[in-house]
Amino acid sequence: MQVKQALPRISLLLASTLLAFGAANVQARTFRVANVHNDTYPTVLALKYMGEQLSKETGGKDTIKVFGNSMLGSENDTINQVRAGALDMAWVSTAPLNNIVPESVIPSLPFLFRDVDHFRKVMYGPEGQKLLDLFQEKGMVALTFYESGTRSMYAKKPIRSPEDMKGVKVRVQPSDLMSDEIKAMGGSPTPMDFAEVYTGLKTGLIDAAENNYSSYAETKHYEVATVYSETQHAMVPEVLLFSKKIWDKLKPEEQAAIKKAAKASQDDYVKLWTAQEEKAKQYVLAHGATVIPAKEVDRAAFVKAMQPVWAKYESTPAMKKIVDDIEAVH
């Protein structure tokens, strides 16, 4: 009699255990991702879109929480957190990764990409994937590259050739590559914090700076350097990193869903970024800036001047092959 009474209780306990186990398996998982930009910037919007796509792919099991505005630290901070397994993901520029993954400097070489279409064919295609694969050895799974605009010169005068750069003091980031690039172009590199550029241009401490249209507009640098010359000298990519320590603990289907959502975010970001760039260009034109179009810039002369810079940074046969392969993409 006691055995018969116990059986329903055991069955009920077993059923409760199975239900609890099943609930744990379908419990939503939230991956944290860091970004330095504000909530309305295309990078953050694309990451939120990625979270929506991941949720759809996993039936609501997995999603993403975006921490923008450098809430989790600088790009260097978040890279370190990702490598240590303390943070799931980070969207960062490749510049702070150059010392960790030496090959990541190659896409930042001046005048490497012929235009934005060439950049996209390379970085979103097989050659880009080869570069992404190199991150695994450094404790990071690189999910995808993103564009961050075409960097061009702006000053109080047009910049059409290396001749126009002679003696021009150009603000640069604390980067050996950028300093070498400006010197090769004929200018004088002047390291300066980005927040000081407006005053530097206004007072004549520097004569020029370089960036994409969005930054040129957002910072109001067009007020003190009214000529934006489309030198299109650099297209420094950004990359979405996932911690390999965390990645290796995920199921294959979860990994596949994350990769698919990352690709979707790339496509979404291209639309967002392209629209923002055009909007920024029209904004600075409406506010008195003059644009020197790329067709009026002597690209061939600049490319010729860059050869010593390329030779310095494609420092191994393997690095040179990456450059050659990128140039061969049409």
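Q: What counts as a helix or a strand in this predicted model?
A: Helices are DSSP runs of H or I with at least four residues, strands are runs of E with at least two, and both are numbered from the N terminus. Counted that way, the protein has 14 helices and eleven strands.

Q: Where does Ser70 sit, given those elements?
A: Ser70 belongs to the loop that joins strand S2 (62-67) to helix H3 (75-84). Its phi is positive, about 55°, although Ser70 is not a glycine.

Q: Why is Ser70 called partly exposed?
A: The relative accessible area of Ser70 is 32%. Partly exposed covers values between 20% and 50%, so the label fits.

Q: What makes Phe111 buried or exposed?
A: Phe111 has a relative accessible area of 3%. Buried means under 20%, so Phe111 is buried. Phe111 lies in the loop between strand S3 (89-93) and helix H4 (116-123), and has a positive phi near 60° without being a glycine.

Q: Why is the aromatic pair of Phe113 and Phe119 called edge-to-face?
A: A search of the whole structure gives 16 aromatic pairs. In the one formed by Phe113 and Phe119, the centres are 5.0 Å apart and the planes meet at 65°. The centres must lie within 6.5 Å and the planes over 60 degrees apart, so this pair qualifies as edge-to-face. Phe113 and Phe119 are both buried.

Q: What makes Lys65 count as lying over the face of Phe67?
A: Lys65 is 5.4 Å from the ring centre of Phe67. The cut-off for that distance is 6 Å, so the distance part of the test is met.

Q: How do you know that the span of helix H11 agrees with its number of residues?
A: Helix H11 runs over residues 252-286, which is 35 residues. At 1.5 Å a residue it should span 51 Å, and its end C-alpha atoms are 51 Å apart, so the two agree. Just after H11, Gly288 takes a positive phi of about 95°.

Q: How is the packing of helix H2 (residues 42-57) and H11 described?
A: Two packed helices are described by the angle and the distance between their axes. Here the axes come within 8 Å and cross at roughly 145°, and the crossing of H2 and H11 is right-handed. The residues that make the contact include Tyr49 and Met50 of H2, and Tyr269 and Trp273 of H11.

Key: Residues are numbered from 1 along each chain as its sequence is written. This is a predicted model: local features need pLDDT of at least 70, side-chain atom pairs count only at pLDDT 80 or more; totals for chains, interfaces and linings use all residues. Side-chain values use heavy atoms; hydrogens and water are left out. Rings of Phe, Tyr and Trp (its six-membered ring) pair if their centres lie within 6.5 Å; planes under 30 degrees apart count as stacked, over 60 as edge-to-face and the rest as tilted. Buried means under 20% relative accessible area, exposed over 50%, partly exposed in between (1.4 Å probe, protein chains only). A charge sits over a ring if NZ of Lys or CZ of Arg is within 6 Å of the ring centre and within 35 degrees of the ring normal. The expected span of a helix is 1.5 Å times one less than its number of residues. Axes are lines fitted to C-alpha atoms, for helices over the stretch in contact, and angles run from 0 to 180 degrees between N-to-C directions. A crossing is left-handed if the near helix is turned anticlockwise from the far one by less than a right angle, and right-handed if clockwise. Contact means heavy atoms within 4.5 Å.
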